[in-house]
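Trainee: I'd like to learn how to read the disulfides in a model like this one. Can we go through them together?

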Amino acid sequence: QPEIESPVLNSTTFGEIELDADDGLSIAESIEQSCNEAKNAFTEDLELDCCDLARTCDPSHRIVLYEGNGCTQNIAGTLGLPGGAQSNVIKTSDQQCLANDEARSVQFNGPLPSGTVLEAADNSDSWCVNDYSFMRLERDLLEGEFVCVDSFTRWFDCPGRPNEDYYRISQAVNELDGKVSVYRVTNPGDSLSPEPECRNRAVAFFEGNGCSQNMDGDFDLPDRSIGGCDLIGNDESRSMKLTGPIPAGFRIDVADSCGDLCEDDWASIVLRDDIPSGEEHCICGFQTDLSTDDYEMKYSGGNGLDGKISYIFMRIGENVLAQC
């Protein structure tokens, strides 16, 4: 095949990095060497690679976005806190240092005041059209302290319940991780106390464990018993998110048999305590017996229930698990 002449790969200039074509190094090696020299010039103690340097919008920024969950992999951008009682909206399309559709987690680095809010969404024109996340620090972060929010919407720690360091509530439809295109940072100052713009309904089912992947259906809190075989997608759901206010005694049963709850695999969940308004809890999977301060879950079966649910039943005021 004929040799292809690339104006980039055959150039001695890559971005703003000047390469020496006579130093015996390949283009990639020259880029790496130049980046390392730039990193060393920036600070000897900074453990960053070239991509991290490019995504550091300002070294003074205290909010750092990461490409991996759990604040891992490369930096996907940084955000600064505006002046007192102000909010800043930042679109990834407006700043080259912010990666579009890459961030999956965020780390808040002290010093930051309690009440600092970060909102993220995948639609830069309307916050609530699709996926959205609202995160608020619940305490002051001192110099040297940090808090990592592992994901914008999903849960890794199960049972999934609120974190003491931060408050998070979300509207998850297709999962926000790796799809963020707009942020809003709010400094509460002495007067601002922003509230979430969007959230899921009281009961939401998801295709992935840990309240992840696509939403399979969501419901307002019923004022009477409801159930059926066509309320959510058949054989899809693996987890469920509950968003308060939901009273103690709320019960939900799920099964893989449409005719009889007790015919095959089934699970029954009953809330032991009220879920306050705006608080999220994630039932990360259905295939286990589990007893927590918040709820009790009973599972029966041996063929597996996650991803096989075809029937759900919800009721309020009957503080007892299904018995089969």
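Mentor: Sure, let's start with the term itself. A disulfide here is a pair of cysteine sulfur atoms within 2.5 Å. Keep in mind that this is a predicted model.

Trainee: And what kind of bond is a disulfide?

Mentor: A disulfide is a covalent bond that connects the sulfur atoms of two cysteines. Here is a case: Cys71 is joined to Cys148, with 2.1 Å from S to S. This pair links distant parts of the chain, 77 residues apart. Cys71 sits in the loop between β3 and β4 (72-79), while Cys148 belongs to strand β9 (residues 146-149).

Trainee: What is the handedness of the link of Cys71 and Cys148?

Mentor: The link of Cys71 and Cys148 is right-handed, with 110° about the S-S bond.

Trainee: Are its two ends, Cys71 and Cys148, buried or partly exposed?

Mentor: One of each. Cys71 has a relative accessible area of 13% and is buried, because the cut-off for buried is under 20%. Cys148, at 22% relative accessibility, is partly exposed.

Trainee: How many disulfides does the rule give?

Mentor: The count comes to five disulfides. One of them is formed by Cys57 and Cys97, whose sulfur atoms are 2.0 Å apart.

Trainee: Why is the disulfide of Cys57 and Cys97 called right-handed?

Mentor: Look at the torsion about its S-S bond: that is about 105°, so the disulfide of Cys57 and Cys97 is right-handed. Then place the ends. Cys57 is in the loop between α2 (50-55) and β3 (63-68), and Cys97 is in the loop between β5 (86-91) and β6 (105-109), so this pair ties together parts 40 residues apart in sequence.

Trainee: What about accessibility for Cys57 and Cys97?

Mentor: Cys57 is partly exposed at a relative accessible area of 23%, whereas Cys97 is buried at 14%.

Trainee: Can you show me another pair?

Mentor: Try Cys211 and Cys282, a disulfide with sulfur atoms 2.2 Å apart. The link of Cys211 and Cys282 has 110° about the S-S bond and is right-handed. Cys211 lies in the loop between β12 (203-208) and β13 (212-219), and Cys282 lies in strand β18 (residues 280-283), so the pair ties together parts 71 residues apart in sequence.

Trainee: What relative accessibility do Cys211 and Cys282 have?

Mentor: Cys211 comes out at 2% and counts as buried. Cys282 is buried too, with a relative accessible area of 1%.

Trainee: Which residue in contact with Cys211 and Cys282 could we look at next?

Mentor: Go to Lys241, in strand β15 (residues 239-243). Leaving aside neighbours within four places in sequence, Lys241 is in contact with residues including Trp155, Phe206, Cys211, Glu280, His281 and Cys282.

Trainee: Is Lys241 buried or exposed?

Mentor: Lys241 counts as buried, at 1% relative accessibility.

Trainee: Which side chains make polar contacts with the side chain of Lys241?

Mentor: The side chain of Ser170 makes a polar contact of 3.1 Å with that of Lys241. The side chain of Asn200 also joins Lys241 through a polar contact, of 2.8 Å.

Trainee: One last cysteine, then: where does Cys50 lie?

Mentor: Cys50 lies in helix α2. Its relative accessible area is 26%, and Cys50 is partly exposed. For a sense of its surroundings, the C-alpha atoms of Cys50 and Asn74 are separated by 9.6 Å, with the two residues 24 residues apart along the chain.

Technical notes. Residues numbered from 1 in each chain as written. Predicted model: local features only at pLDDT ≥ 70, side-chain atom pairs only at ≥ 80, totals over all residues. Heavy atoms only, no water. Helix = DSSP H or I, 4+ residues; strand = E, 2+ residues; numbered from the N terminus. Buried < 20%, exposed > 50% of the residue type's maximum accessible area, 1.4 Å probe, protein only. Polar contact = N/O pair within 3.5 Å; in protein donor to acceptor, adjacent residues only side chain to side chain. Contact = heavy atoms within 4.5 Å.
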